[in-house]
Number of protein chains: 2
Amino acid sequence: MTRAGLTPAVVVADAAALADEAGFDALTLSAVARRLGVQTASLYAHVRDRAALLDGVTALAMGEVAARIATGIAGRSGRDALRGYADAFRDYAREHPGRWAAMQRRAGPAAVAAPSAVDVVALTDALLRGYALPADQRVHVVRLLGSTINGFVQLERIGSFDHSAPAPAASWDRAVDALDTLLRAWPAPDPEESSA
Amino acid sequence: MTRAGLTPAVVVADAAALADEAGFDALTLSAVARRLGVQTASLYAHVRDRAALLDGVTALAMGEVAARIATGIAGRSGRDALRGYADAFRDYAREHPGRWAAMQRRAGPAAVAAPSAVDVVALTDALLRGYALPADQRVHVVRLLGSTINGFVQLERIGSFDHSAPAPAASWDRAVDALDTLLRAWPAPDPEESSA
DNA sequence: GCAGAAACCTACAGGGTGTAGGTTGGGCGC
DNA sequence: GCGCCCAACCTACACCCTGTAGGTTTCTGC
């Protein structure tokens, strides 16, 4: 009998494919084993346990998203860059729903420490160079940007926009425009609040 | 032996408590049965299956959130109302993480048709009366608002803000301010886009 | 060509879901 | 106040998933 030639990377890649097809929480070791034509127990030689497999998919997804962002903002600035940045997330979530779901959870230390997480931060920083923002406001802007983009993608995915017209794409355009407007005229912190 | 006196509502309420304590995906029928001092099989007389139990928790959570929003915006308008509205979501998520997680998923038809879902829509509409918005922009604003609030709460919950300073609360203040600013000067749709 | 390290296997214990069918308790008719 | 009967709760079981222990087979380095 010829061997399947498994490695941790192969197992994680197959798990990611399964997550996209069947949903992230249908991601079980037995299902991966079936897809690979292998006994379930054999997988434990490559991944410590189910949690490690899920973390692997999370790390894989973060790397892929980082690559998409990089191409999405390359050669652009301002609103165009913002659009490319935001679309990188949304397109990825549409094409890879299971991998996207893998990122919408508290990940284990291994996934958090992955270099791709740092990449995303650096790319976001690069995007914001196109906007004149006070240094002490940057972190707030980064968080707001992430919140809106992730939130929109998440709500679209779970069907929250299915019960109203028009199609989400129109709202997406408006949301990116709104973020661009906001970043160009970021409100200065209220002096009362910062002194209180 | 005295009976436990179960009803669907009791089972769902206990499941919600368990979700908050142990996490939404630790929400199993066996665990609920243990908490109630009952055999697992007995629960199937009250909930059809595990999916129905989860949907029950989702519907319960939506009702509770709607109630919080109502008190959060009562007697306020403009920025104060927005703040109350947004805090209703965030505070609820902090106090009831498991119930919150129950809402961050594609829910079954039963949960979607729940009256509390309609309540949230109506309350959001009431909030937006405090801002002068063209009728055709309302849906986009509602979606953006939901995206940012849900997204922030979600990212805060999964620890995305844990690796940068300052505390998320400061960014939350800025985010609500930014949304208020945005709603007061909602950018008109680009004529090019709407005609294209 | 052979020793050893992987890769892969079988076997099993433990726990979760869901079904079938039995037993018991409490409310209601009379 | 007695019995009926419904529903609440039970035991027993089949099936799937996780994770461990320990055996066998294939590939690789020398």
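Two salt bridges are counted between chain A and chain B. One of them joins B:Asp162 to A:Arg106, with the closest N and O atoms 3.2 Å apart. This is a predicted model, and every distance here is computed from it. The salt bridges are a good way into the structure. From them we can move out over the protein interface, and then on to the DNA.

Start with polar contacts. Across the interface of chain A and chain B there are 21 residue pairs in polar contact, both residues being at pLDDT 80 or more. Now look at the elements involved. On the side of chain A that touches chain B, two elements give two or more residues: helix H8 (138-158) and helix H9 (168-184) of chain A. H8(A) has the largest share, with 14 residues. By class, this side of chain A holds 20 nonpolar, 14 polar and eleven charged residues.

Next, the extent of the interface. Contact links 45 residues of chain A with 45 residues of chain B. Together the two chains bury about 3400 Å² between them. Carbon and sulfur atoms carry 55% of that area. Three arginines stand out on chain A: A:Arg106, A:Arg143 and A:Arg174. They supply 22% of the area that chain A buries against chain B, more than any other three residues. A:Arg106 is also the partner of B:Asp162 in the salt bridge described above.

How do the two chains relate to each other? Chain A can be laid on chain B by a turn of 180° and a shift of 0.0 Å along the axis. The RMSD of that fit is 0.1 Å. The two copies are therefore related as by a two-fold rotation axis. The interface agrees: 100% of the interface residues of chain A are also interface residues in chain B, so the copies meet through the same surface.

Now turn to the DNA, beginning with strand D. This strand is surrounded by 19 residues. The closest come from both chains: A:Arg3, A:Ser30, B:Ala4, B:Gly5 and B:Ser42. Which part of the strand faces the protein? Of the atoms of DNA strand D within 4 Å of the protein, 72% belong to sugar or phosphate, and the rest to bases.

Several phosphate distances fill in the picture. An N or O atom in the side chain of B:Ser42 is 2.6 Å from a phosphate oxygen of DNA strand D. From chain A, a polar backbone atom of A:Leu29 is 3.1 Å from a phosphate oxygen of this strand. For the side chain of A:Tyr44, the distance from an N or O atom to a phosphate oxygen is 3.3 Å. Helix H2 (residues 29-36) of chain A gives the most to the surface near DNA strand D, with three residues. That surface has eight nonpolar, six polar and five charged residues.

DNA strand C comes next. It too has 19 residues around it, the closest being A:Ala4, A:Ser42, B:Arg3, B:Ser30 and B:Tyr44. Sugar and phosphate make up 71% of the atoms of DNA strand C that come within 4 Å of the protein.

Here the backbone of A:Gly5 places an N or O atom 2.8 Å from a phosphate oxygen. The backbone of B:Arg50 also has an N or O atom 2.8 Å from a phosphate oxygen of DNA strand C. B:Arg34 uses its side chain, with an N or O atom 3.3 Å from a phosphate oxygen. Helix H2 (residues 29-36) of chain B gives the most to the surface near this strand, with three residues. By class, the residues there are eight nonpolar, six polar and five charged.

Technical notes. Residues numbered from 1 in each chain as written. Chains lettered and ligands numbered in written order. Predicted model: local features only at pLDDT ≥ 70, side-chain atom pairs only at ≥ 80, totals over all residues. Heavy atoms only, no water. Near = heavy atom within 4 Å. Polar contact = N/O pair within 3.5 Å; in protein donor to acceptor, adjacent residues only side chain to side chain. Helix = DSSP H or I, 4+ residues; strand = E, 2+ residues; numbered from the N terminus. Nonpolar A, V, L, I, M, F, W, Y, C, P; charged D, E, K, R; others polar. Contact = heavy atoms within 4.5 Å. Buried area = accessible area lost by both parts, 1.4 Å probe. Salt bridge = Lys/Arg side-chain N within 4 Å of Asp/Glu carboxyl O. Least-squares fit on C-alpha atoms with pLDDT ≥ 70 in both.
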